[in-house]
Amino acid sequence: MNNENVKSEYGYFDLQKHGTYVITHPEELNYPWEYIYQNRDVLLRVDQFGLVNCQARPPHDIVLFRRELSDRYSKWNMLFKCTEFNGGIPFSNFHNPLNAYFSVTPEARIEFSPEKAVYRYDFGTHEVETTVLLPFHGTAVVMRTKITNKTEKKVRVEGYPALYPYVNKAYLTPWDKYEWYLESMASKDGNKAVFFTKLFSSKADPTERRAVAFTADLLPETQCEISLENYVGNGDFVLPESVKRGKLAIDIENVCTEPGVFDRENTVFGFPPVYACRYQFDLLPNESRIFTQTLIMFDGETYDSAANRRLYAYDREETVLEEEKKWERFYDDLFSKRTVLTGEPMFDYYVNTFLPLQMYWTACLDRGWPTGMHGTRDASNDFMGIIPLYPEWSRQTLLSLISCQRRKDGWYPRQVSTVSPKGPHDMRNFCDGGVFVLEFLYEYVTQTCDYTVFEEKLPWLDDEFRSPLEEHILSTFFYYLAPENIGEHGLVKIYGGDWLDSVNRAGLKGRGESVMATEQLIMSLKLIPLLLKKAKETVVISCDTEELTVRYNAIAEEFKNQLNRFAFNEHGFMNSVFNDEGNWLFSDCDPDGKERVYGPSNYYAIISGTVNKQREDSIWKNIEKLKYEFGYKLFSEGLGETPISSHGRMASGDIPIGLWANGNMYNHGSHGFLGRALTVSGKAEEAYDVLEYLFPYDQTRHPVRITKSAPYAIVNCYQGVPYFYHRAAMPFLTGTVAMSERLVYNWIVGIGYSTEGLLLSPCISKRFKHIEVDFSYDGKKIRLEIENSEENREKADSGKIVSVLLDGKETGTPVTDPVTGRKKTLIYREELQAQNLIKIIC
């Protein structure tokens, strides 16, 4: 890729700083470019307009503040007013619609880096710079705003720091209002104005109660306001009436109560609160003044003076710099866990910084954000990308998912609670949770060599009795192999759905079948017995692993036979779903008479080794029908023009064609699954081409003037609907992030894992002559160097290994992949030392 292709008219990647993007023209962006800050205790989303929302202990605890869906501007800001600046028109520390009334458009520079967000606006006569950061630990947010007088005379300035708090659960019942459960007060503590809010429980549950404090500077004659109604008056939060009239209701100097003590003069209960102050101060020529505000949620429901006062340290620049250094060390460590060098600066920069950064965000967002639930399938998919970065976090997630398995039949819920194993859970009868968990288990154990996980005894969804992990595994297979869960074609029954959520009515009557879930099951039938066999060397495994291997291999082959016999159609590709009415969907002839090639069931036919070479070639020929100007669609013809019963919300006409997955590019399935399948087939050039569509930064692939999305943000999809054609949707909340990590390292670079050691199978585009990768395996450091020889780059099946050297000595055992049947090279775990250099010539 030409690195010029990554520049946009709105900003640029700062390649000198890790994970950093600079926005230079926010006034031209009418679509949010979000960036995330989180420390596992609190998650903050920001964009070019300021702070978006903030949740404590994501993804399930309360939201501290938020914009409503129709809002654009920050609910935490600092307004200023000065007759010498902008003709007396108030201005904000963030982008504000009032800027349109200024005679000069301020020069903007917004820098998002992993450590902090910095917003700088230069108005000519004055400059405002705001830094937003999280403390390294704790449920707190810090905002520091500096205003500078750039004129040659002394000026009088009014300042209005304000926060519109929410302090409640993300979703309330329709008849509830958040303010009904809040009691808020204003007070002072030394040289600080302190606002305090208590959250009560709508269920009379003491565990739901919370307490929050907001702290601002206290200047002489500071005024404050606690009532949102009084603060905005006939204006709004962007330009409150209080700011226009230059007065707030409460003189803070006359407030005698301490923080956390409520009285009638300084308390709001049952009505929307605000935390607002008014200052007056002078600025000499070229003088600056910094204002600091902090927000914190306490562990209990009472005011914690010690915890809040610790935040006063952020008045000092040295405290801020110390915290930034902690974050720099944290992210240096994260970005060094795996690195790749290809000679293409933008590719290397993005993969080495923005990819693990988004993987970290995705893990904390957990795709159920902010509901307190995560999908069994979604979490499994996402944490397969997290394993090399945070193995312990991955282990915890794996075990928590398995603990929500139903004992009576081995089934997994669609989504499980992140708050409690007892729920509430999403009990929609999807069929694919178990196969995703099994793949997650295999990836976790083979990548970490952590066979102690088999010593765990875990509870069940419907029984608190703790059973060995082995029993949970076998129970998962019991579910899929139970006669009542196998359909008339010998395939896994779909019931309420598989990976494609919108096919939600194909099997409700118990007849429908899923091709993709069956293909995923084939993979686990091949791999999990090998895992149990290896585990038996060090832990107690009660089953006969030799017999299990033979039996499960036979069952896998029978599933393959059934798929090839019934699902592979006359047009040369796999149908996807058989429905309750006895019709094949996404087939050579759907009930509406149209042919629909559906990518994922065909990609998994290759990934699972289900089809032979002739049928594989036929599938690739049909996949060409999915290609369009922005990549690959999920399936070839949109649904809904002629309604199809026993299908789902797309085919009923309830999702327009081009929206989300409906005949559109849906990143996870369109490019993630596709890229994986292409590497299995050895199609190196096509795999890299797909990766370029999957990544967001190439302006020739996804120009931001059309997508309207941040060029660093991997998105769920690009909409194909009129008026918003190729508009990006749902950044970060997508399984595509994890698939990107795996596509680069596991399938293109070809670092695979087995129960015996490293499985190497590069699938390298001819654009790369040399690749270096640093990673860890089994506690050992590994440098992998791949020499993509000129001869190899001319071949159609580039990636074939010619030789492998380990620390200068020839090594590598040719083996057959147990799933795909492809040839790979094994380096046994026992061959590796503390430091290793592996050289591959292709």
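How many of the eleven residues of helix α15 are buried? Eight of them, so α15 (residues 684-694) is largely enclosed by the rest of the structure.

## Ground rules

This is a predicted model, where local features need pLDDT of at least 70, side-chain atom pairs count only at pLDDT 80 or more, and totals for chains, interfaces and linings use all residues. Residues are numbered from 1 along each chain as its sequence is written, and side-chain values use heavy atoms, with hydrogens and water left out.

## Helices α15 and α6

Back to α15: its buried residues are A684, A687, Y688, V690, L691, E692, Y693 and L694. Here "buried" is under 20% relative accessible area, "exposed" is over 50%, and "partly exposed" is in between (1.4 Å probe, protein chains only). Helices are DSSP runs of H or I with at least four residues, strands are E runs of at least two, and both are numbered from the N terminus. The cover over the buried part of α15 includes α5, β30 (627-628), β31 (631-632), α14 (667-680) and α17 (736-748).

Helix α6 (residues 376-386) is mostly covered too, with eleven of its eleven residues buried. Among them are R377, D378, N381 and D382, along with F383, M384 and I386.

## The nonpolar cores

A nonpolar core is a set of buried Ala, Val, Leu, Ile, Met, Phe, Trp, Tyr and Cys residues joined through side-chain atoms within 4.5 Å. The largest one here has 245 residues, and F454, F695 and Y712 touch the most other members. Helix α5 (residues 345-365) puts in the largest share, 14 residues. Apart from that core sits another of 16 residues, including A140, F196, A213 and Y312.

Y712 has a long contact list (heavy atoms within 4.5 Å): F13, Y21, W33, E34, Y35, F112, Y350, F354, Q358, P696 and F732, not counting residues up to four places away in sequence.

## Helix α11

Does the length of α11 come out short, or as expected? The 23 residues of α11 (residues 545-567) should span 33 Å at 1.5 Å a residue, and the end C-alpha atoms are 31 Å apart, which agrees. The expected span is 1.5 Å times one less than the number of residues.

At the N-terminal end, D544 acts as a cap, with a side-chain oxygen 3.1 Å from the backbone nitrogen of E546. Buried residues of α11 include L548, Y552, F559 and K560; what covers the buried set includes α9 (469-481), α10 (515-535), β29 (584-585) and α13 (613-623).

## Two buried residues

S467, in strand β26 (residues 467-468), is buried at a relative accessible area of 0%. Its side chain makes a 2.9 Å polar contact with that of W460. Such a contact is a pair of N or O atoms within 3.5 Å; within protein, one must be able to donate a hydrogen and the other to accept it, and residues adjacent in sequence count only if both atoms are side-chain atoms.

I623 belongs to helix α13 and counts as buried at 2% relative accessibility. Leaving aside neighbours within four places in sequence, I623 is in contact with V597, G599, N602, Y603, Y632 and L674. The C-alpha atoms of I623 and L634, eleven residues apart along the chain, are separated by 9.8 Å.
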